[in-house]
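Work through the exercises below with the model open beside you. Try each task before reading its solution.

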Amino acid sequence: MASFCTSPPSQCLALVLLLAILMSLNTLEALKPKLSNLQFYMHDITGGPNATAGQVAPSQPLNFSGTNPIAALFGSTYVIDDPLTATPDPKSTLLGRAQGIYAMSSLREFSLLMTLTYAFISGPYKDSSISVVGRNMVTRDVRELPIVGGTGIFRLARGYCLGDADCRLELRY
């Protein structure tokens, strides 16, 4: 029977360790997360014949007598199916839909609790989605919400969504 290593044991051990290190470097490279940066525009239309968001609770403001308009909206909950487009123009290329729920979640500041899935229907991310859950401080110039997962090519995605007039996503998956 042939022997794997005919050198002295210390040289055989060094050879085995070197092979193990080389194999692990290749494995580590494969484990590095991919990084994607996406930019799209979400159009949330809350009224009129082409509304993409509808209030589902409560039917009227909770606090009629108060002077704080934010407190009067507290608890208002909307379900959405908003278009995601390539540019700020609502008639530009439709990339997908933002579907989910947002609710007024603060008595003191304009803050939403958002649970959204960005479902892509065209382009390179077609049939893939990204899920975002978090607090959206609407009055801030830039808001950050966590990406908690995804499907398709974004399976196990994590990252963050920076929201302002548009949504820019940095994903690691």
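**Exercise 1. Work out which strands the salt bridge between Arg97 and Asp81 joins, and how exposed its partners are.**

Solution. Bear in mind that this is a predicted model.

Step 1. Take the distance. The side chains of Arg97 and Asp81 form a salt bridge at 3.0 Å, N to O. The cut-off is 4 Å.

Step 2. Place the partners. Arg97 sits in strand E4 and Asp81 in strand E3, so the bridge ties together parts 16 residues apart in sequence.

Step 3. Check accessibility. Partly exposed covers the range between under 20% and over 50%. Arg97 has 23% relative accessibility, so it is partly exposed. Asp81 has 32%, so it is partly exposed as well.

**Exercise 2. Find how many salt bridges there are, and analyse the one made by Arg135.**

Solution.

Step 1. Count. The total is 2 salt bridges.

Step 2. Identify the partner. Arg135 pairs with Glu109, and their closest N and O atoms are 2.4 Å apart.

Step 3. Locate both ends. Arg135 belongs to strand E6, while Glu109 lies in the loop between E4 and E5, so the pair connects parts 26 residues apart in sequence.

Step 4. Classify both ends. Arg135 is partly exposed at 46% relative accessibility. Glu109 is partly exposed too, with a relative accessible area of 32%.

**Exercise 3. Describe the ring pair of Phe120 and Phe154: what is its geometry, and which parts does it tie together?**

Solution.

Step 1. Set the context. The whole structure holds 6 aromatic pairs.

Step 2. Name the geometry. The ring centres of Phe120 and Phe154 are 6.2 Å apart and the planes stand at 55°, so this pair is tilted. Stacked would need under 30 degrees, and edge-to-face over 60.

Step 3. Map the pair. Phe120 is in strand E5 (residues 111-120), and Phe154 is in the loop between strand E7 (143-151) and strand E8 (158-163), so the contact bridges 34 residues of sequence.

Step 4. Check burial. Phe120 and Phe154 are both buried.

Step 5. Widen the view. Ring pairs join Phe40, Tyr118, Phe120, Tyr125 and Phe154 into a cluster.

**Exercise 4. Determine which residues touch the most other members of the largest nonpolar core, and which element gives the most to it.**

Solution.

Step 1. Recall the background. Nonpolar side chains tend to be buried together in soluble globular proteins.

Step 2. Pick out the hubs. The largest nonpolar core has 22 residues, and Phe40, Tyr102, Tyr118, Phe120 and Ile130 touch the most other members.

Step 3. List the contributing elements. Two or more residues come from each of strand E1 (35-42), strand E3 (77-85), E4, E5, E6 and E7.

Step 4. Rank them. E5 gives the most, with 5 residues.

Step 5. Link back to the rings. Phe40, Tyr118 and Phe120 also appear in the aromatic cluster.

**Exercise 5. Examine the positive phi values of Asp127 and Leu156, and decide whether these residues are buried or exposed.**

Solution.

Step 1. Recall the usual case. Most residues other than glycine have a negative phi.

Step 2. Take Asp127. Its phi is positive, about 70°. Asp127 lies in the loop between E5 and strand E6 (129-137). Its relative accessible area is 62%, so Asp127 is exposed.

Step 3. Take Leu156. Its phi is near 65°, again a positive value. Leu156 lies in the loop between E7 and E8. Its relative accessible area is 71%, so Leu156 is exposed.

**Exercise 6. Characterise the nonpolar surface patch that includes Ile101, then set it against the whole chain.**

Solution.

Step 1. Name the members. Val56, Val79 and Ile101 make a nonpolar patch of about 250 Å².

Step 2. Focus on Ile101. Ile101 is in strand E4 (residues 94-104). At 42% relative accessibility, it is partly exposed.

Step 3. Turn to the chain. Its accessible surface is about 10,900 Å², with 61% belonging to carbon and sulfur atoms. Buried residues make up 32% of the 173 residues.

Step 4. Finish with the fold. The chain has 2 helices and 9 strands. Their order along the sequence is α-β-β-α-β-β-β-β-β-β-β. Of the contacts with a separation of 6 or more, 42% join residues 24 or more positions apart.

How values were computed. Residues numbered from 1 in each chain as written. Predicted model: local features only at pLDDT ≥ 70, side-chain atom pairs only at ≥ 80, totals over all residues. Heavy atoms only, no water. Phe/Tyr/Trp six-rings, centres within 6.5 Å; stacked < 30°, edge-to-face > 60°. Helix = DSSP H or I, 4+ residues; strand = E, 2+ residues; numbered from the N terminus. Buried < 20%, exposed > 50% of the residue type's maximum accessible area, 1.4 Å probe, protein only. Contact = heavy atoms within 4.5 Å. Areas by Shrake-Rupley, 256 points an atom, 1.4 Å probe, with all protein chains shown as cover. Patch = residues over 30% accessible without salt bridge, like charges linked within 9 Å, V, L, I, M, F, W, Y side chains within 5 Å. Core = buried A, V, L, I, M, F, W, Y, C linked by side-chain atoms within 4.5 Å.
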